[in-house]
Amino acid sequence: MASLGQIIFGSMITLIILFSAIIILILALSFSGNLSEVRSSSMFPIANLGDDKLLSCYLNTAENNLREVKVTWEKQDLTGLVYQYANGAPELTDQNSQFKERTQLFPDALLKGNASLLLRSVTSRDDGQYTCSISSSGGGGKVDIHLRTAAFSAPTFKFSDGVLTAQANRWLPKPNVTWTNYDGDFLVGSSSFTQNSAGIFSVVSTLPSVNISDTYTCRIGNKLVTSVSRATVTDSGVLKNTYFTYSAAPSLLASTYLSIMTAVLCICYLT
C-alpha cells in the first residue's frame with residue numbers, strides 16, 4: 001500500500017503533466033490561429049513607429065480567380081472596422097476614423113486569395129489584435145494577427161582617442177546595450193539615455209580602450225527588437241554592419257508558462 005508521501009508525490013507529478021499539456025495546447029493554438037483556410041505568414045508582426053507595415057492574411061487555395069470575395073479587417077476593442085472589401089470594391093462606411101486613408105488592400109491580389117492589409121504610418125495606437133476574415137467562392141475563414149509596435153534604429157559609430165561611441169536615436173521601449181569583442185567576451189561600456197516628448201529614447205554608448213583593426217559587437221535591444229552591429233575600427237573610421245532580430249511571440253505567453261510551472265514545482269518540492 002502506497003504511503004501518504006508517495007500518493008502526494010504522484011499527485012504532484014500528475015498535476016505537472018496536466019499543466020504542461022494545457023500550456024502546450026494554449027501555445028499551440030496561439031501560434032497556429034484558428035483552424036481555418038485563412039492563414040498569416042506572420043502572426044506576431046512588429047512595426048516600426050512611423051513606417052508602413054503589411055499585415056499578412058491569405059486564403060490557402062489553389063484558385064487564381066476567386067469570385068464573391070469579401071474581406072473584413074477588425075481590431076479588438078475598436079468601434080467600427082479597420083477595412084472592408086465587398087462586391088468588388090472597398091466598403092468604408094463603417095471604417096473607424098483611426099484608419100481613414102491609412103489602409104489599403106490590393107484588388108489584383110484578392111483574386112488569388114491574398115487579403116494582406118497595408119497599414120501606413122504606424123502609431124502606438126495601432127498596437128493590438130486584428131482579425132482578418134475572408135469569404136469567397138474558394139472558401140473562407142479568419143485569422144488573428146497580434147501587431148506589436150516599437151521604435152528602433154541602427155546606431156552610428158565614431159572612434160576618437162581610443163573610445164568607440166555608438167549612437168541610436170529612436171528606441172521604444174527603452175533598450176539595453178551590451179558590448180562584446182570578436183571572441184564574444186563581454187566588455188564594460190557606459191550608456192546614457194535621453195527621452196523626447198513623444199517618449200522615444202535615444203541612446204549613446206561608449207566603449208573605452210578600443211584597439212585599431214579590432215572588431216566589436218554592439219547590441220541594442222528590448223523585448224521586441226534587437227539591433228546587432230559589428231564595428232571594425234580602422235585608421236580612417238569605423239566600418240559597421242547592422243541587422244535586426246525580432247521576438248517571435250509576446251513574452252507574456254512564455255512568462256505565464258514559466259510562472260505556472262515554477263509554482264507547481266515549488267509545491268511539489270515543499271510537499
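Here are some short exercises on the structure above, each with a worked solution.

The model is a predicted one: local features need pLDDT of at least 70, side-chain atom pairs count only at pLDDT 80 or more, and totals for chains, interfaces and linings use all residues. Residues are numbered from 1 along each chain as its sequence is written, and side-chain values use heavy atoms, with hydrogens and water left out.

**Exercise 1. Find where Val-203 lies, and decide whether Val-203 is buried or exposed.**

Step 1: Start with the strand. Val-203 belongs to strand E17, residues 201-207. (Strands, E, are DSSP runs of at least two residues and helices, H or I, are runs of at least four, numbered from the N terminus.)

Step 2: Check the accessibility. Val-203 is buried, because its relative accessibility is 2%. (Buried means under 20% relative accessible area, exposed means over 50%, and partly exposed is in between, using a 1.4 Å probe and protein chains only.)

Step 3: Look at who sits around Val-203. Skipping neighbours within four places in sequence, its contacts include Ala-166, Trp-171, Val-177 and Ile-220. (Contact means heavy atoms within 4.5 Å.)

Step 4: Try a distance too. Lys-174 is 29 residues from Val-203 in sequence, and their C-alpha atoms are 9.0 Å apart.

**Exercise 2. Work out how many residues the largest nonpolar core has, and which strands supply at least two of them.**

Step 1: Get the idea straight. A nonpolar core is a set of buried Ala, Val, Leu, Ile, Met, Phe, Trp, Tyr and Cys residues joined through side-chain atoms within 4.5 Å. In soluble globular proteins, nonpolar side chains tend to be buried together.

Step 2: Count. The largest nonpolar core has 31 residues, and Cys-57, Trp-73, Leu-105 and Tyr-130 are among those with the most contacts inside it.

Step 3: Name the strands. At least two residues of this core come from each of E5 (70-75), E6 (83-86), E9 (117-119), E10 (128-136) and E11 (139-150).

Step 4: Don't stop at one core. There's a second, separate core of 20 residues, including Ala-166, Ala-168, Tyr-216 and Cys-218.

**Exercise 3. Say in which sense E10 and E11 pair, and what joins E10 to E11.**

Step 1: Recall that two strands pair if DSSP finds at least two bridges between them. Strands of a sheet pair through backbone hydrogen bonds, either parallel or antiparallel.

Step 2: Apply that here. E10 and E11 are antiparallel partners, with nine bridges, and Tyr-130 stands opposite Ile-145 in E11.

Step 3: Follow the chain. A hairpin of two residues joins E10 to E11.

Step 4: Now try a parallel case. Strand E2 (residues 46-48) pairs with E11 in the parallel sense over three bridges, and the bridge partner of Asn-48 in E11 is Ala-150.

**Exercise 4. Put the five strands of the open sheet in order, and explain why one side of E15 and of E20 is left without a neighbour in the sheet.**

Step 1: Write down the order. The open sheet runs E15-E14-E18-E19-E20, with antiparallel pairing.

Step 2: Look at the edges. E15 (186-187) and E20 each have a single partner strand, so one side of each has no neighbour in the sheet.

Step 3: Zoom in on one pair. E14 (residues 176-180) and E18 (residues 215-221) share five bridges in the antiparallel sense, with Val-177 opposite Ile-220 in E18.

**Exercise 5. Find the salt bridge and explain what it ties together.**

Step 1: Search the whole structure, and you find one salt bridge. (That's a side-chain nitrogen of Lys or Arg within 4 Å of a carboxyl oxygen of Asp or Glu.)

Step 2: Name the partners. The side chains of Arg-102 and Asp-126 meet at 2.5 Å, N to O.

Step 3: Place them. Arg-102 is in the loop between E7 (89-90) and E8 (103-104), and Asp-126 is in the loop between E9 and E10, so the pair ties together parts 24 residues apart in sequence.

Step 4: Check the surroundings: Arg-102 and Asp-126 are both buried.

**Exercise 6. Decide whether Ala-248 is buried or exposed.**

Step 1: Locate Ala-248 in the loop between E20 and helix H3 (251-270).

Step 2: Use the accessibility. Ala-248 is exposed, because its relative accessibility is 63%.
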